[in-house]
Structure formats: structure tokens, C-alpha cells
Amino acid sequence: MLRKNFNLDNKVIIITGGAGLLGERFAKVIAGSNGIPIILDLNMKKAKSIIKDIKNEFGINAGFYKCDITDQKQVSNVLKSLNKLYKRELFGLINNAAFNPQASKKVKNELENFNLKTWEKEIKVGLTGAFICTKIFGSQFAKNKSGSIINVSSDLGVKGPKQSLYSHLNYIKPITYSVVKHGIIGLTKYSCTYWGKKGVRSNTIAPGGVYNNQDRIFVRKLKKEIPSNRMANIKDFDGIITYLLSDSSKYCNGSFISIDGGRTVY
Ligand SMILES: NC(=O)c1ccc[n+]([C@@H]2O[C@H](COP(=O)([O-])OP(=O)(O)OC[C@H]3O[C@@H](n4cnc5c(N)ncnc54)[C@H](O)[C@@H]3O)[C@@H](O)[C@H]2O)c1
């Protein structure tokens, strides 16, 4: 009985930044539960290869659009196209795209000199893009009277960055990351109260840092901050994504769910 409730049976689910590290995994997890992932990204080459993998592995025809989510017209065109292509109603949206640069000696990010253009560019993808997709796809879900929106925050959506983790790299975690990851929680709360009666649910997930061959000293320092004593594995979010998109979470609305090995309890 429970297994049936976790099925995403032909649900059409849009993933922004679906060609990135987490987005690719989310797309495969959705296809693995019989849902239809739709990738919105700028990286066409990567997206095409993900679509191919999904077809080979799960036999699902996933979708891909080259779409800049900060451009309202492009996002509206995706909605029009999806409404024509899929006979069933659209069901889910994962607001996942954001700038998430790896620590690097080349980027400085001191607050005193933080460039206004960088601020605007990063806020535009992480917050304005999420707002545009929520507005456009969420309105359609509200019309259909059902939908699930997952906003991807971070452990840094609830706590400030510990800059000493990056000090040996001479790197500073940018202010934009904190602002975007905190802001997206507000977006969840707003759409939760705004569309709750219309059957549209909005929830935030807050992943901890995913191990992706980062600098060894950084990883050693970070592990000490995490009660589970490790960084996240890309598979650690499979369950929560499936749950929040499935009928098992019908009463889960406006929630904030940490999957960070306990890092945010400190
Ligand atoms: N990787 C982690 O350790 C981690 C931890 C916690 C939270 N997160 C969050 O998870 C999300 C995904 O992170 P990731 O590591 O997979 O990032 P990523 O950089 O691998 O992927 C981001 C994707 O977004 C796409 N993108 C950028 N601008 C776009 C635009 N204007 N329109 C459409 N697509 C655009 C990029 O092409 C890229 O494919 C982010 O919101 C990030 O903050 C990541």
C-alpha cells in the first residue's frame, strides 16, 4: 500500500537547472518512480545526454528545454509547449537552479568589494528565476487544483557560512548564496499560504554540501561540523524528492526539511 503511494505514475515534473549535479539526480529519481522529468537548463549538451540515459535506463521519454529561467517569455513558452505536448496535467516543479560555485582561489567575493553585477546576476537566477517559474507553472497547478513545488535551499539557508572552512583556499563564500538560500524559504511560505486551498503544496528542502571531489582540507574541516561526520552523497535526497512529489506527502505543505547529516543543529 505504502509503495503505491510513493509512485509518481506519469506525473509531469519540471526541474530547473536539471542538467546540474543535483538536477540530474532528481530527474533520474523521478523517472525511476515512473514520473516524467522535464529539464529546464542552459546546458543543452548535458541535458541531452541525461535524457538519453533516462530513456535507456527507465524507458521514460523525459523532456528538455533550453530555457533561461530569468526570462519570463521563455518560461511561458515552455508552459505552452508542455500543455500541448502532454495530454495529462502538469504536476510538479523543483526550483533547483542557482549559482553554486565551488570554492576557488580565483574568485574573491570580499563583501567590501562585492560587485553589483555579480549580485544582480546571482540573485536573478536563484530568486527571480524561482519566482518566475513559481508564478508561471504554479498558476497552472492552481488551475488544475493540484501540484507540488519543491524549493531547493541549503544548510546555508538557515545558518551563516563559516568562512574559516574556506580560509586555506583564500576563498570567501559569497553573500548572494546566503541571501538566495534564505530567500527561497520565504518563497515557499508565500506560495504555501497563497495556493494552499487550491491544492498546490510548496515545501523547502535544505541539502547539506554534496561530496564532489572538493579540496581535501575543506572536506576534513567540514566533516567536523557535521554530526554524521560526512558530506552528503548525491543519493541522500532520493527519498525526500520522491516523498514530496508523491501522494504520500499530501498533507505536507510549507515544510522546511533539512537533509544535512545534522549540520544545522549546531
Ligand atoms: N551541490 C551542493 O553541495 C548543494 C548543497 C546544498 C544545496 N544545493 C543547491 O542545489 C541546487 C543545485 O546545485 P548544484 O550543485 O546541482 O548546481 P549546478 O551548478 O551543478 O547546477 C545548476 C544548474 O543550473 C543551470 N542554470 C544556471 N543558470 C540558469 C538559468 N538562468 N536558467 C536555467 N538554468 C540555469 C546550470 O546550467 C546548471 O546546470 C542549487 O540551488 C544549490 O544551491 C547544492
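A polar contact is a pair of N or O atoms within 3.5 Å. The model shown is predicted.

**View 1. Polar contacts hold to the ligand at N96, D68 and L21.** At N96, a backbone N or O atom lies 2.7 Å from an oxygen atom of the ligand. L21 also uses its backbone: one of its N or O atoms is 2.9 Å from a ligand oxygen atom. D68 brings a side chain instead. A polar atom of that side chain lies 2.9 Å from a nitrogen atom of the ligand. The protein covers 85% of the accessible area that the ligand has on its own, which is 830 Å².

**View 2. A shell of 24 residues surrounds the ligand.** D41, N96, Y177, K181 and V210 are the closest. N96 is also the residue with the backbone atom 2.7 Å from a ligand oxygen atom. By class, the shell holds 13 nonpolar residues, eight polar ones and three charged ones.

**View 3. The ligand sits in the largest pocket.** Which elements give two or more residues to the shell around the ligand? They are α2, spanning 21–32, and α6, spanning 175–195.

**View 4. The largest pocket holds about 1,100 Å³ of space.** Its lining counts 45 residues. Closest to the centre of the pocket are A98, F99, N100, P101 and Y177. Y177 is also among the closest residues to the ligand. The pocket lining divides into 24 nonpolar, 14 polar and seven charged residues.

**View 5. Helices and a strand contribute to the lining of the largest pocket.** At least two lining residues come from each of α2, β2 (36–41), α6 and α7 (216–223). Which element gives the most? It is α2, with three residues.

**View 6. The model has one cavity of 30 Å³ or more.** The volume of this largest cavity is about 60 Å³. A98, F99, P101, E122, P174, T176, Y177 and V180 form its lining. Among them, A98, F99, P101 and Y177 are also listed as closest to the centre of the largest pocket.

**View 7. α6 supplies the largest share of the lining of the largest cavity.** That share is three residues. By class, the cavity lining has six nonpolar residues, one polar and one charged. α6 also gives two or more residues to the shell around the ligand, and at least two to the lining of the largest pocket.

Note on methods. Residues numbered from 1 in each chain as written. Predicted model: local features only at pLDDT ≥ 70, side-chain atom pairs only at ≥ 80, totals over all residues. Heavy atoms only, no water. Near = heavy atom within 4 Å. Polar contact = N/O pair within 3.5 Å; in protein donor to acceptor, adjacent residues only side chain to side chain. Areas by Shrake-Rupley, 256 points an atom, 1.4 Å probe, with all protein chains shown as cover. 1 Å grid on protein atoms, 1.4 Å probe; cavity = no way out; pocket = protein on both sides within 12 Å on 5 of 7 lines; lining within 4 Å. Sits in = over half its atoms within 2 Å of the grid points. Helix = DSSP H or I, 4+ residues; strand = E, 2+ residues; numbered from the N terminus. Nonpolar A, V, L, I, M, F, W, Y, C, P; charged D, E, K, R; others polar. Points joined across faces, edges and corners; volume = space filled by probe spheres on them.
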